Amino acid sequence: MKVLHFYRTYYPDSFGGVEQVIRQMVTGSIRLGIQAEVLTLTRDSNNLELEFEGHAVHRVPLNIEIASTGFSWSAFARFKQLAATADVVHYHFPWPFMDLAHFACQIDKPSVVTYHSDIVRQKYLLKLYQPLQNKFLNSVDRIVATSPNYLATSPTLAKYQAKTDVITYGLDSTIYPSPDQGLLAKWQAKFPKPFFLFVGVLRYYKGLHVLLEAAAGTEIPIVILGDGPVELELKRQAQRLGLDNVHFLGALPEEDKVALMQLCYGLAFPSHLRSEAFGITLLEAAMFGKPMISCEIGTGTSYVNLDRLTGLVVPASDPQAFREAMQYLLENPLLAQEMGRQAALRYTECFTAQRMALSYQALYQKLL
């Protein structure tokens with residue numbers, strides 16, 4: 001069986017949550033004997049064909065980007081060519097250019113759409129795009145929601161419940177690097193006190209401005225790993241608040257991320273808008289047995305992090321509630337440790353890459 005994944009960004013150009021999920025889907029599928037490939041856009045016009053972790057990554061030059069939507073004129077021909085040899089085409093929503101390519105290339109292969117998120121921010125553009133979106137979602141064979149919570153709360157998915165399955169994200173712990181003792185010692189020396197870790201791209205919906213407000217007036221060390229569009233704005237806010245307990249590390253290699261995840265006391269996940277549909281970092285924290293603090297935003301974040309079992313769930317955009325949650329976990333180390341243990345158990349039971357890959361394999365076979 002050959003499956004073609006189609007999404008706007010992928011490794012090694014981008015390391016976001018959806019890219020990580022596609023990576024896990026592909027590597028998990030390969031272990032089951034499925035030939036999985038990825039077609040994506042790139043700014044690197046010199047290296048269009050790559051081999052990554054045992055699968056082909058086909059890249060076409062990005063020509064223009066409008067409202068986070070990448071367009072590539074050469075993608076049409078390449079997509080049609082690759083889809084012709086695939087048994088299943090696996091789309092990753094949202095990406096309006098993908099909808100256009102689906103119809104322009106007259107794709108008639110069995111098709112699956114993993115519905116990663118509603119379109120939240122571009123409300124006016126959504127009105128223009130909605131007819132194409134509806135036509136596209138009507139035309140594909142199956143839609144996959146990434147959590148029961150998101151299926152229950154998405155106004156778009158409500159129209160397609162009859163053709164929607166739920167397959168949650170999953171991670172494979174074996175593809176993560178193991179940091180050596182020297183690297184662990186380096187970060188332990190830099191952050192000797194129990195600290196909360198944030199990992200991710202610094203975007204508007206991540207709620208980091210709330211986390212900074214929560215850190216104000218405390219001595220709780222907070223480590224922020226990642227870079228992104230609002231980085232400068234956040235650093236200015238931290239300076240304005242006089243936060244010498246907040247540390248911006250920028251983007252670092254995967255080994256450093258794993259080292260910091262192993263060393264942290266717990267994960268701070270302050271995302272406050274529905275654009276955060278699931279939270280891959282929550283899964284990573286659970287995989288490493290860490291208690292989590294997240295916000296109730298009606299998405300999959302509260303499916304991963306169960307309040308009072310694997311961590312704490314607080315109201316969104318509430319700095320005081322987030323501050324009190326961090327203080328509560330610090331004051332109750334045995335409870336925090338037990339929450340981390342429960343998080344690791346929940347990861348093993350619900351969120352492994354093997355479980356996700358087996359579910360998609362069954363769906364592909366059903367379509368074929």
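This report describes the sheets, helices, cores and unusual backbone sites of a predicted model.

**The eight-stranded sheet**

One open sheet has 8 strands in the order β3-β4-β2-β1-β7-β8-β9-β10, and its pairing is mixed. Its edges are β3 (49-52) and β10 (164-166), each of which pairs on one side only. Direction ignored, neighbouring strands of this sheet are turned by 25 degrees against each other on average. Within the sheet, β7 (residues 88-93) and β8 (residues 111-115) are parallel and share 5 bridges. One of the bridge pairs is His 92 with Thr 114 of β8.

Helix α2 (residues 75-84) lies across β1 (2-6), β2 (35-42), β3, β4 (55-61) and β7, and runs at about 180 degrees to β2. Helix α14 (residues 353-367) also packs on the sheet, where it touches β1, β7, β8, β9 (142-145) and β10. The direction of α14 makes about 145 degrees with that of β8.

**The six-stranded sheet and the annotated region**

UniProt, in an unreviewed entry, lists residues 190-344 as "domain: Glycosyl transferase family". Over residues 190-344 the chain is 43% helix and 17% strand, with the end C-alpha atoms 26 Å apart.

An open sheet of 6 strands has parallel pairing and the order β13-β12-β11-β14-β15-β16. The edge strands of this sheet are β13 and β16, each pairing on one side only. From one strand to the next, the twist averages 25 degrees. At the β16 edge, β15 (residues 292-296) runs parallel to β16 and is joined to β16 by 5 bridges. Met 292 has Gly 311 of β16 as its bridge partner, and Glu 296 stands opposite Pro 315 in β16. Although β16 (residues 311-315) pairs on one side only, 4 of its 5 residues are buried, so the strand is largely enclosed by the rest of the structure.

Helix α9 (residues 254-263) lies across β11 (196-199), β12 (222-225), β13 and β14 (266-269). Its direction is at about 150 degrees to β11.

**Helix α8**

Helix α8 (residues 231-241) has a buried side and an exposed side. The buried residues are Glu 231, Leu 234, Gln 237 and Ala 238. They lie on the same side of α8 because they cover an arc of only 125 degrees around the axis. In general, residues three or four places apart in an α-helix point the same way, because there are 3.6 residues a turn. The buried residues of α8 pack against α7 (208-215) and β13 (246-250). On the face turned away from the buried side are the exposed residues Leu 232, Glu 233, Arg 236, Gln 239 and Arg 240. After α8 comes Gly 242, with a positive phi near 65 degrees.

**Nonpolar cores**

The largest nonpolar core has 46 residues, and those with the most contacts inside it are Leu 197, Leu 260, Leu 283 and Tyr 360. Helix α10 (residues 280-287) gives the most to this core, with 6 residues. A second, separate core of 35 residues includes Leu 82, Trp 95, Cys 105 and Leu 126.

Beyond its neighbours within four places in sequence, Leu 260 is in contact with Trp 187, Phe 191, Phe 195, Leu 197, Leu 225 and Leu 249. Thr 281 lies in helix α10. Its relative accessible area is 10%, under the 20% limit, so Thr 281 counts as buried. Not counting residues up to four places away in sequence, Thr 281 touches Val 199, Met 261, Leu 267 and Phe 269.

**Unusual backbone sites**

Most residues other than glycine have a negative phi, and most peptide bonds are trans. The table gives sites that depart from this pattern.

| Site | Backbone value | Loop |
|---|---|---|
| Tyr 11 to Pro 12 | cis, omega about 0 degrees | Pro 12: between β1 and α1 (17-31) |
| Phe 93 to Pro 94 | cis, omega near 10 degrees | Pro 94: between β7 and α3 (96-104) |
| Arg 308 | phi near 70 degrees | between α11 (301-304) and β16 |
| Ser 317 | phi near 55 degrees | between β16 and α12 (319-331) |

Arg 308 has 55% relative accessibility and counts as exposed. Ser 317, with a relative accessible area of 42%, is partly exposed.

Conventions. Residues numbered from 1 in each chain as written. Predicted model: local features only at pLDDT ≥ 70, side-chain atom pairs only at ≥ 80, totals over all residues. Heavy atoms only, no water. UniProt positions renumbered as here; feature names shortened; annotations may be inferred. Helix = DSSP H or I, 4+ residues; strand = E, 2+ residues; numbered from the N terminus. Buried < 20%, exposed > 50% of the residue type's maximum accessible area, 1.4 Å probe, protein only. Arc of directions from axis to C-beta. Contact = heavy atoms within 4.5 Å. Core = buried A, V, L, I, M, F, W, Y, C linked by side-chain atoms within 4.5 Å. Pairing = 2+ DSSP bridges. Axes fitted to C-alpha atoms, helices over the stretch in contact; angles between N-to-C directions.
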